[in-house]
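Student: Got a minute to walk through this one with me? I'd like to start with the empty spaces inside.
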Amino acid sequence: MTLRIKDVSKRFGGVHAVEECTLGVQDGTITGLIGPNGAGKTTLFNLITGFLHPDGGEIHLNGERLDGLPAHATVRRGVVKTWQIPREFENITVLENLMLAAKDNPGESIWNVVFRPFRVRKREREVQEKAQEILEFLELDHLATELAGNLSGGQKKLLELGRALMTDPTHLLLDEPVAGVNRVLAEKLLDRLDQLREQGMTIFLIEHDMDVVMSRCDVVIAMHNGRKLAEGTPTEIKANDDVIESYLGG
Amino acid sequence: MVELGFLREIVFFMSFLGIFALLVLGLNLQWGYTGLFNIGVAAFFAVGAYTSAILITPNVPPSDFYPGHLGFGLPWAVGIIGAVLVAAVLGFLIAIPTVRLRADYLAIATLGLAEIIRLSLIQSESITAGTIGLRNIPSPVIVPGDPFLTNVAFAVIVVLAVVVLYVFIEFVGRSPWGRVLKAIRDDEDAAVALGKNAFSYKVQAFVLGAAMMGAAGALFGSFLHFIEPLTSFTPIDTFFIWVMVILGGAGNNRGVLVGAFLVWGFQFLIIRTPFPDLGFVDLESKKAFLQLIALGLLVVLVMLLRPRGILGEEKVISRGVLKGTKRST
Ligand SMILES: Nc1ncnc2c1ncn2[C@@H]1O[C@H](COP(=O)(O)OP(=O)(O)OP(=O)(O)O)[C@@H](O)[C@H]1O
Ligand SMILES: [Mg+2]
């Protein structure tokens with residue numbers, strides 16, 4: 001288990017969004033994170049990726065502290081998240097939205113652009129090829145040179161996933177990745193997540209659709225009022241009285 | 001002689017156009033690329049102008065008729081290099097505490113900075129000659145006995161500077177580096193979530209833009225041979241640079257140059273056209289205001305018809321990408 005969250009709390013004014021939450025994500029699993037609206041799932045993702053800093057508690061990745069790191073630095077350690085509400089770069093083309101997400105692009109240093117133009121160009125070609133492959137897989141390749149702001153809601157979700165994949169993550173945190181994506185493509189996407197998991201990627205996934213959670217997750221963690229309520233296999237979680245009550249009782 | 005008069009006008013027009021070009025390219029890097037709301041363009045312009053002027057003009061001690069000013073009489077090139085460096089350092093110092101904050105803080109900070117600098121220039125009379133102005137700033141190249149050719153040489157230098165900077169900015173702007181700037185402009189958090197150190201990029205863009213504005217200031221001083229902080233380096237100057245950028249198309253280097261050409265061309269025509277005295281009001285004396293009103297209307301018109309500016313932004317911003325997409329389809 002390499003991603004560990006220990007006693008983490010986050011308050012917004014009087015709202016205890018995450019409250020002494022302790023949980024772990026097993027390497028090489030697809031772990032589902034469920035819970036009613038406002039349970040603190042998105043906040044937890046923001047804490048892991050450094051967008052928010054916990055008021056208390058610790059977050060460890062491979063034994064290294066993640067909390068306290070600036071958000072951009074967590075990506076370099078292999079942890080990347082997607083946004084629940086897509087945040088595309090609207091005035092940039094779809095293809096370039098993906099390209100700029102690539103990790104280790106020497107051309108993103110102005111020094112290299114000026115003094116190592118050939119290295120920059122070579123890497124840029126690799127990045128473009130990879131971006132085009134991902135676009136084809138996401139069935140967005142026909143929109144490659146369209147501005148991302150012109151995509152539909154579902155297409156923007158796909159773009160989110162594509163960008164995250166460009167960063168070569170070891171830990172992929174997906175905030176409702178298939179909400180609003182059509183069923184056929186959603187299934188295809190989830191198949192792809194299975195493949196990525198086979199290749200050793202760890203996927204931590206927020207999802208409201210119980211069918212998806214049941215059929216795709218190895219482990220499910222249920223949150224309620226900022227705390228971990230239960231953890232187990234999908235079948236166990238489905239039968240858990242606390243979990244059922246948390247949804248019914250609000 | 002008519003011929004020479006016309007040539008003189010062209011040289012004058014081009015010299016100023018070049019100075020505006022440097023300013024809009026600098027602001028475009030900050031605002032058009034990176035979304036940095038700098039409304040203190042005049043600050044960096046002024047700092048560049050005074051740094052260079054003091055470095056290259058000989059010292060003048062105070063006298064009964066002139067407050068005097070500091071001066072080192074160094075070679076011209078030292079002046080512009082100094083202007084670029086000092087403007088860059090000032091840009092760095094103002095960027096560090098402000099670009100982390102929301103856009104409006106940067107706006108307030110830069111606006112305040114510009115006025116503080118202008119007022120300091122007015123107050124530091126023993127260094128800058130205050131409102132009397134710092135005079136006899138030398139030209140880069142002096143053709144002895146021929147002021148016209150001296151001005152031609154200046155125009156050539158300015159145009160060359162613009163060409164070199166334009167090529168440079170286009171080169172880095174179409175690189176992955178420039179792409180990250182535009183990503184930060186569109187959605188900073190999303191860029192950070194993909195591992196980009198937005199703070200560092202914003203500082204880089206701000207400093208680079210400020211340096212270009214500093215260079216423009218140095219050229220401005222040696223063109224007029226005279227600078228003073230009462231009517232120059234005002235918020236109105238910043239406003240004009242913004243109009244050029246917005247009108248031509250923020251985010252597009254060619255666009256902002258077109259904007260500079262149109263706005264400065266428009267101003268130039270108004271300056272050169274005699275306005276009638278209507279008896280109850282002498283329009284000639286109200287030119288400056290009429291010009292502002294007309295420009296304001298022009299901006300509103302262009303924004304209604306072409307919200308992204310006359311040229312707008314190009315869709316594909318990375319070098320070589322279009323070739324690549326054609327190959328694969
Ligand atoms: N930036 C913020 N400022 C103030 N309150 C916040 C902020 N972010 C989240 N909250 C509050 O924290 C609580 C948890 O929100 P969070 O977004 O983590 O829930 P969630 O489990 O992702 O819900 P959903 O399923 O609806 O996406 C909510 O009560 C929310 O109002
Ligand atoms: Mg959420």
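Tutor: Sure. A cavity here is a set of grid points where a 1.4 Å probe fits but cannot get out. Keep in mind that this is a predicted model.

Student: OK, so how many cavities of 30 Å³ or more does that rule give?

Tutor: The count comes to 3 cavities of 30 Å³ or more.

Student: And what volume does the largest cavity have?

Tutor: The largest cavity has a volume of about 100 Å³.

Student: Which elements give two or more residues to its lining?

Tutor: Those are α6 (147-173) and α11 of chain B. The largest share comes from α6(B), with 3 residues. The residues that line the largest cavity include Y166(B), E170(B) and G173(B), along with N253(B), R254(B) and E314(B).

Student: How does that lining split by class?

Tutor: The lining of the largest cavity has 5 charged, 4 polar and 3 nonpolar residues.

Student: Now the largest pocket. What's its volume?

Tutor: About 600 Å³ for the largest pocket. Its lining is made up of 27 residues, and F20(B), D237(B), F240(B), W264(B) and Q267(B) are the ones nearest its centre.

Student: Which elements of chain B give two or more residues to that lining?

Tutor: They are α1 (2-33), α2 (41-56), α9 (198-224), α10 (235-248), α11 (253-272) and α12 (287-305) of chain B. By class, the lining of the largest pocket has 20 nonpolar residues, 5 polar ones and 2 charged ones.

Student: So α11 of chain B turns up in the pocket list and in the cavity list too. Where does L262(B) lie?

Tutor: L262(B) lies in helix α11 of chain B. L262(B) counts as partly exposed because its relative accessible area is 37%, and the cut-offs are under 20% for buried and over 50% for exposed.

Student: What separates the C-alpha atoms of L262(B) and M244(B)?

Tutor: The distance between those C-alpha atoms is 7.7 Å, with L262(B) and M244(B) 18 residues apart along the chain.

Student: What's the mean pLDDT of chain B?

Tutor: The mean pLDDT of chain B is 92, and 97% of its residues reach 70 or more. The model scores ipTM 0.93 and pTM 0.93.

Student: Switching to chain A. In which sense do β1 and β4 pair?

Tutor: Strand β1 (residues 3-12) of chain A pairs with strand β4 (residues 56-61) of chain A in the antiparallel sense, over 5 bridges. Within that pairing, R4(A) stands opposite H60(A) in β4(A).

Student: And what stands opposite H60(A) in β5(A)?

Tutor: That's R65(A). Strand β5 (residues 64-65) of chain A runs antiparallel to β4(A), joined by 2 bridges.

Student: How many residues sit between the strands in the hairpin of β4(A) and β5(A)?

Tutor: There are 2 residues between the strands of that hairpin, and N62(A) takes a positive phi near 50°.

Student: Last topic: how many disulfides does the structure hold over all chains?

Tutor: The structure holds 0 disulfides over all chains. C21(A) is in no disulfide, and the nearest cysteine sulfur, that of C217(A), is 17 Å away. Going the other way, C217(A) is in no disulfide either, with the sulfur of C21(A) as its nearest cysteine sulfur.

Student: Are those two cysteines buried or exposed?

Tutor: C21(A) is buried, with a relative accessible area of 0%. C217(A) is buried as well, with a relative accessible area of 8%.

Definitions and conventions:
Residues numbered from 1 in each chain as written. Chains lettered and ligands numbered in written order. Predicted model: local features only at pLDDT ≥ 70, side-chain atom pairs only at ≥ 80, totals over all residues. Heavy atoms only, no water. Pairing = 2+ DSSP bridges. Helix = DSSP H or I, 4+ residues; strand = E, 2+ residues; numbered from the N terminus. 1 Å grid on protein atoms, 1.4 Å probe; cavity = no way out; pocket = protein on both sides within 12 Å on 5 of 7 lines; lining within 4 Å. Points joined across faces, edges and corners; volume = space filled by probe spheres on them. Nonpolar A, V, L, I, M, F, W, Y, C, P; charged D, E, K, R; others polar. Disulfide = S-S within 2.5 Å. Buried < 20%, exposed > 50% of the residue type's maximum accessible area, 1.4 Å probe, protein only. pLDDT = per-residue confidence, 0-100.
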